[in-house]
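Biologist: I should like to learn how to read a model of this kind. May we go through it feature by feature?

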Amino acid sequence: MSYLEFGYFSTFKARLQLLKMPTDTKKYIVIIAILIALFLVYNYIIYTNEGYTAKVELSPMAMEGQLLWQKNNCWSCHQLYGLGGYLGPDLTNVYSHPDKGPVYINAFLNSGVKTMPQFHFNESEKEAIIEYLRIIDKTGYYPIFDASIEPSGWVNIKYKYED
Ligand code: HEC
């Protein structure tokens with residue numbers, strides 16, 4: 001009973017109640033406590049593991065670009081990593097695309113091509129958006145063709161920064 005000698009269980013009444021609990025209920029409490037502990041450990045491992053996150057940071061300029069990206073709702077029509085709206089193309093690798101790249105992006109932004117609205121960005125805003133897309137491009141490939149599946153079921157993806 002020594003483990004009951006602290007906190008809440010130290011009052012005589014609470015101790016009595018715990019003793020009166022059916023064995024099944026006690027078993028459930030232990031099982032749930034173990035599950036919660038496993039859940040916490042699992043989350044800790046997943047969210048603190050740096051092995052599976054891209055090693056890239058947004059520069060202040062790229063952050064400004066990201067802000068413009070969000071404010072102007074580029075995401076409603078474009079995707080990054082395949083996620084977003086589908087009216088326009090995915091822009092994950094537009095920066096390094098052999099026929100596209102920074103000059104092409106620059107030309108696109110204020111032109112109003114087809115259903116893409118005509119924006120009125122100034123030069124530094126255009127530069128910021130291009131910088132944002134440059135760093136996004138460095139994080140990886142979309143779509144990913146260079147991936148392998150291990151016998152364990154784990155999928156190995158090729159990241160750009162490993163090049
Ligand atoms: C209303 C929908 C819409 C919004 C909002 C939009 N775009 Fe577009 N965008 C398009 C469409 C559609 C195309 C394809 C036009 C074409 O190929 O002729 C396109 C093309 C592009 C391209 C060229 C892509 C390529 O691979 O050829 C770039 C770069 C681009 N958009 C950037 C942006 C940015 C940055 C924003 C936000 C500031 C934005 N777009 C907002 C619809 C949109």
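Biologist: Which elements of the protein chain have the lowest and the highest mean pLDDT?

Modeller: The model is predicted, and confidence is the place to begin. Where pLDDT is low, the coordinates should not be read in detail. Here helix H1 (residues 12-20) has the lowest mean pLDDT among the elements, 72, and helix H3 (residues 60-71) the highest, 97. For the protein chain the mean is 87, and 90% of its residues reach 70 or more.

Biologist: In what order do the elements of the protein chain run from the N terminus?

Modeller: The order is α-α-α-β-β-α-α-β-β, which comes to five helices and four strands.

Biologist: Why does the distance between the end C-alpha atoms of helix H5 agree with its 17 residues?

Modeller: One compares an expected span with the distance in the model. Helix H5 (residues 123-139) should span 24 Å at 1.5 Å a residue, and its end C-alpha atoms lie 25 Å apart, so the two agree.

Biologist: Which residues of H5 are buried, and what covers them?

Modeller: The buried residues are Lys126, Ala128, Ile129, Ile130, Glu131, Tyr132, Leu133, Ile136 and Asp137. Their cover includes H3, strand E1 (79-80) and H4. Of the 163 residues of the protein chain, 13% count as buried.

Biologist: How many residues surround the ligand, and which are the closest?

Modeller: The shell has 23 residues, the closest being Asn72, Cys74, Cys77, Gly88 and Met116. By type, 15 are nonpolar, six polar and two charged. Helix H4 (residues 102-109) provides the largest share of this shell, three residues.

Key: Residues are numbered from 1 along each chain as its sequence is written. This is a predicted model: local features need pLDDT of at least 70, side-chain atom pairs count only at pLDDT 80 or more; totals for chains, interfaces and linings use all residues. A residue is near a molecule or strand if its C-beta atom, placed from the backbone, lies within 6 Å of it. Helices (H or I, at least four residues) and strands (E, at least two) are DSSP runs, numbered from the N terminus. Ala, Val, Leu, Ile, Met, Phe, Trp, Tyr, Cys and Pro count as nonpolar, Asp, Glu, Lys and Arg as charged, and the others, Gly among them, as polar. pLDDT is the predictor's confidence in each residue, from 0 to 100. The expected span of a helix is 1.5 Å times one less than its number of residues. A residue is buried if 20 or more other C-beta atoms lie within 10 Å of its own, exposed if 12 or fewer, and partly exposed in between; C-beta atoms are placed from the backbone. Two residues are in contact if their C-beta atoms, placed from the backbone, lie within 7 Å.
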